[in-house]
Amino acid sequence: MKLFVILFVCALAISSSFAYDPSPLQDICVAIAEPKNAVFVNGKFCKNPNLTVADDFLYQGLNMPGDTNNKLGSKVTPVTVDQISGLNTLGISAARIDFAPYGLNPPHTHPRGTEFLIVVEGELYVGFVLSNQLGNRLITKVLKPGDVFVFPIGMIHFQLNVGKINAVAFAGLSSQNPGVITIANAVFGAKPPINPDVLTKAFQVDKKVIDYLQSQFWYDNN
Ligand SMILES: *[C@@H]1O[C@H](CO)[C@@H](O)[C@H](O)[C@H]1NC(C)=O
């Protein structure tokens, strides 16, 4: 019995660290019978390496500020496998984030990537919220140029420019396609809308509040 328990625990440990299935590289990948309708595998199809050129590994223009003239006062310029096709299967990507004074990169999560953020200009109040299991504890910091901060994979996080000047940060993410789920957009801007009965109960507010939130335009700064 004791041996069985030990073997079972070992088997669990091995299966979690050496799972046979690869991690998903996009939100969904539904199997289809007819390959002519297929658009990608897990990630993207690979180019014949002999046909690869330097430009497959190049992105230009991250010196250009993103347009922060929007409701949030922020703009993310992503550099993922969609911008650099050479990133396919390499598990890494980048982004530039621009903030107008008091601009906000609103609470969001990256379902497939841990992020580190390097502030080069301005002052950012940043934070992330731990899971229910850890009591939804909020971890925050005010960052100045040269500061580097980490947002662990899956955690809801945000960045607010608390300075009077523009702020600029660069991010590295541990996925070729980290994905973004902006909380407000996903919850109140779902298409079609989530049944208000769900949100009224979930947020414990009057239906009028949910109607108001669902009627807003939820800008995507990515
Ligand atoms: C790429 O080039 C090598 C060496 O020239 C050749 O052996 C190989 O078959 C080529 N691969 C493909 C997929 O064409």
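## A walk through the sheet, the pockets and a few unusual residues

Six bridges join strand β5, residues 124-129, to β8, and the two strands run antiparallel. That pairing is a good place to enter this model, which is a predicted one. Along β5, look for phenylalanine 128, which stands opposite histidine 157 in β8. Histidine 157 has a partner in another strand too, since histidine 108 stands opposite histidine 157 in β8.

That second partner leads us to β3. Strand β8, residues 156-161, pairs with β3 in the antiparallel sense, here over three bridges. Leucine 104 has leucine 160 in β8 as its bridge partner. From β3 we can step to β10, as these two strands also pair in the antiparallel sense, over two bridges. In this case threonine 109 has isoleucine 181 in β10 as its bridge partner.

Now put the pieces together. The strands visited so far belong to an open sheet of five strands in the order β6-β5-β8-β3-β10, with antiparallel pairing. Which strands stand at its edges? They are β6 (138-143) and β10; each has a single partner strand, so one side of each is left without a neighbour in the sheet. As a general reminder, strands of a sheet pair through backbone hydrogen bonds, in either a parallel or an antiparallel way.

Let us step back to the whole chain. There are four helices and 10 strands. Following the sequence, you meet them in the pattern α-β-β-β-β-β-β-β-β-β-β-α-α-α. Of the 222 residues in the chain, 31% are buried. If you take the contacts between residues at least 6 apart in sequence, 71% of them join residues at least 24 apart. The surface exposed by the chain comes to about 14300 Å², and carbon and sulfur atoms supply 64% of that area.

Proline 24 offers an example of residues brought together from distant parts of the sequence. You will find this proline in the loop between α1 (2-17) and β1. Proline 24 and asparagine 177 are 153 residues apart along the chain, yet their C-alpha atoms are separated by 9.8 Å. With neighbours within four places in sequence left aside, proline 24 is in contact with Asn42 and Arg112.

Further along, threonine 77 has its place in strand β1. Is threonine 77 buried or exposed? Its relative accessible area is 17%, and residues under 20% count as buried, so threonine 77 is buried. Beyond its neighbours within four places in sequence, threonine 77 is in contact with Tyr59, Leu62, Gly66, Ala94, Ala95 and Arg96.

Strand β1 also brings us to the pockets. The largest pocket has a volume of about 390 Å³. Its lining is made up of 23 residues, and those nearest the centre are Pro78, His110, Gly179, Val180 and Asn222. Several strands take part: β1 (74-79), β2 (93-99), β3 (104-109), β9 (167-173) and β10 (181-182) each supply at least two residues of this lining. The largest share, three residues, comes from β2. By residue type, the lining divides into 10 nonpolar, 10 polar and three charged. Notice that β3 and β10, which pair with each other in the sheet, are both among these contributors to the lining.

The second largest pocket holds about 280 Å³ of space. Here 13 residues form the lining, with Cys46, Lys47, Ser85, Gly86 and Asn88 nearest the centre. These lining residues divide into five nonpolar, five polar and three charged.

Finally, some backbone details deserve a look. Threonine 89 is not a glycine, yet has a positive phi of about 75°. This threonine sits in the loop between β1 and β2, and at 53% relative accessibility threonine 89 counts as exposed. Asparagine 136, again not a glycine, has a positive phi of about 50°. Its place is in the loop between β5 and β6, and at 43% relative accessibility asparagine 136 counts as partly exposed. The last stop is a cis peptide bond, with omega about -5°, that joins lysine 191 and proline 192. Proline 192 lies in the loop between α2 (183-188) and α3 (196-203).

Note on methods:
Residues numbered from 1 in each chain as written. Predicted model: local features only at pLDDT ≥ 70, side-chain atom pairs only at ≥ 80, totals over all residues. Heavy atoms only, no water. 1 Å grid on protein atoms, 1.4 Å probe; cavity = no way out; pocket = protein on both sides within 12 Å on 5 of 7 lines; lining within 4 Å. Points joined across faces, edges and corners; volume = space filled by probe spheres on them. Nonpolar A, V, L, I, M, F, W, Y, C, P; charged D, E, K, R; others polar. Buried < 20%, exposed > 50% of the residue type's maximum accessible area, 1.4 Å probe, protein only. Contact = heavy atoms within 4.5 Å. Areas by Shrake-Rupley, 256 points an atom, 1.4 Å probe, with all protein chains shown as cover. Pairing = 2+ DSSP bridges.
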